[in-house]
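User: Please take a close look at the charged side chains of this model. I would like to know how they pair, where the pairs sit, and what is left unpaired.

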Amino acid sequence: MKTTIMEVMAGTAKQSKDKVALKTKINGEWKEMAWGEYYQQVRTTARAFMALGLEPGKAVSILGNNCPQWFISNMAGIFAGAVPGGIYVTSSPEQCQYIASHSEANIAVVENADQLAKFKKIRDQLPDLKAIVLMNGSDPDENVYAWADLAKLAKKVSDDDLNQRIKAQKPDDCCTLIYTSGTTGNPKGVMISHDNIIWVAKQMVQTIDAGPDDQIISYLPLSHIAEQLVSLHCPYTMGATVWFAESLDKLGENLTEVRPTLFVGVPRVWEKIQAKMVAAGAANPPLKKKIAAWARKQGLAGGYAHQQGKPMPLFYGLAKKLVFSKVREKLGLDRCRLFVSTAAPISMDTLEFFLSLGIPMTEVYGMSECTGPATVSLPEPFQYETGWAGPALLGSEVAIAEEDGEVLMRGRHVFKGYFKNEKATKETIDADGWLHSGDVGKIDHRGFLKITDRKKELIITAGGENIPPQLIEGKLKAIPVISQAVVIGDRRPYLTALFTLDPEKVASEAAIAGSPAKTAEEAAKCEKFKAYLQGKVDAVNTTLARVQTIKKFVILPQELSIEGEELTPTMKL
């Protein structure tokens, strides 16, 4: 039976009233908020928003890092019959203006003075905007309200008035807008319904056997569907506890404090953890290095044996005791039973690196338009395979289009459409209800999905060859010193590549090459280093078809970044 977000959260708040819902670090101490208090704060904030003029069907724009106020603002907007829409903290004033204007935001909730400045700059271009709420601090502007002001404002609206807004909503109503972080043109507003969210959350909780004892860390951008589903929506369907990381830079430290039972990362996060581990391992004495190499050999063989339901190597248990258990403990992942990579393709090098350390990472394929996951695989025999995204989410369908290999999805997780964009909606959801992903893939005899490329990213060379860059980039990124690789070749006679180098590995690799370089900038100019790297690229080229080989490459002096606008806020190119 279909239900609404408000009904599900109310049930959890009643059943788990005194259980810890949220944990936040304030002045060095983790502060707790119980489910009962969280629920009451959502209702109070919803009434305050109504007092500030929030109308049903209008939007609440939220601009800030992960914190309780973000969660409460989002849920309060939904309770009041409005539609929350997150904005990435790296957005410019112009980008904020587009989303707030397009979604018809009545209220903007911003984290601090820096984010407030963006809205002050654009508010004369936002005719629907009635108030701005500051999560932290205060401001003398009469239309800017401090978080502490909300309780007093809420007294102007009765509980009955809020209940009327709640009762007026139906499970199939749009309750959230996810703005896709497109690299060209304005982002599209993905309309997600109550039923989309609750159905997906419950399917996920059932599939992974999650429950009230689970501990989750919230750190990826909440404007993205993956983080919303993992840390905002799934927890109130099962009464789990969510901890807010202090920042991405402090994630490593926070992981050892939280010791999550489930951990979801994007490829860039996993790659950074890998790079730090490799750098730390390089500093170990010779005996420790030998033990680690032996253990990793056992781990990789054991990981693949486990996937196929075969007996584990004889010394796997010893390797686990000597090495794997200590690695997990040091990472803060000793309690973790599910390690997920999502949101973008991840290299086999990174997948096998963690597999060799007894950390079987599974990939979840999905997109905003299917409310997050389209596939889910578990680290159990016959239920996952390294490099594959696994089977369709329970109760949904995944298929491959015969004509062009496009991945198609169908089920209760498929979105309602793009806000104010019927043309794009019709191009994305066909007459039979299939969602067209824009990705190219294949499905094997087990029903496991493997993504091979993006339709739009296929390189068509001057010779008319169709080349999937993702395949080649994955092989190039397996070269230890390469951090990021971008293959170029559309309408060109041959393929070239741009490389960024892992700053943790440059000096050691340069020493092997006989180069004096210590930084990526120095390595980019050093002929000895470039010749060394050319040898590595040549080795990759031997595994590729002639038309797929890299003929030239350029080393960039620094990594691609969100700040430099080469990456989207979800760390995609």
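Analyst: The charged pairs come first, then an unpaired acid, one helix and the cysteines.

This is a predicted model, in which local features need pLDDT of at least 70, side-chain atom pairs count only at pLDDT 80 or more, and totals for chains, interfaces and linings use all residues. Residues are numbered from 1 along each chain as its sequence is written, and side-chain values use heavy atoms, with hydrogens and water left out.

A salt bridge here is a side-chain nitrogen of Lys or Arg within 4 Å of a carboxyl oxygen of Asp or Glu. The count comes to 28 salt bridges. Helices (H or I, at least four residues) and strands (E, at least two) are DSSP runs, numbered from the N terminus. Buried means under 20% relative accessible area, exposed means over 50%, and partly exposed lies in between (1.4 Å probe, protein chains only).

Take D139 and K120. Their closest N and O atoms are 3.0 Å apart. The pair links distant parts of the chain, 19 residues apart. D139 sits in the loop between β6 (131-134) and β7 (144-146), and K120 in helix α5 (residues 113-122). D139 is partly exposed, at 22% relative accessibility. K120 is partly exposed too, at 33%.

R259 and D334 form another salt bridge, at 2.8 Å from N to O. This pair also links distant parts of the chain, with the two positions 75 residues apart. R259 lies in the loop between α10 (251-258) and β12 (262-265). D334 lies in the loop between α13 (316-331) and β13 (338-342). R259 is partly exposed, with a relative accessible area of 30%, and D334 is partly exposed at 31%.

R268 and E271 pair within one helix. Both lie in α11 (residues 267-282), three residues apart, about one turn of the helix. Their closest N and O atoms are 2.9 Å apart. Both residues are buried. Elsewhere, salt bridges that share partners join K25, E246, K250, E253 and E257 into one network.

Now the unpaired acid. E473 is in helix α16 (residues 469-477). E473 is buried yet has no salt bridge. The nearest side chain of opposite charge (Lys and Arg count as positive, Asp and Glu as negative; His and the chain ends are not counted) is K477, 6.9 Å away. Contact means heavy atoms within 4.5 Å. By that rule E473 touches A485, V486 and V487, not counting residues up to four places away in sequence.

Helix α1 (residues 5-15) shows two sides. Its buried residues are I5, M6, V8, M9, T12 and A13. Seen down the axis of α1, they fall within an arc of 165° (taken from the directions from the helix axis to the C-beta atoms), so they line one face of the helix. The face turned away from that buried side carries the exposed residues E7, K14 and Q15. What covers the buried residues of α1 includes α2 (35-51), α3 (68-79), α7 (159-167), β8 (174-179), α8 (194-207) and α9 (225-238).

Last, the cysteines. A disulfide is a pair of cysteine sulfur atoms within 2.5 Å, and the count comes to zero. C96 is in no disulfide; the nearest cysteine sulfur, that of C67, is 16 Å away. C96 is buried, at 0% relative accessibility. The sulfur of C175 is 6.4 Å from the closest cysteine sulfur, in C174, too far for a bond. C175 is buried as well, at 0%.
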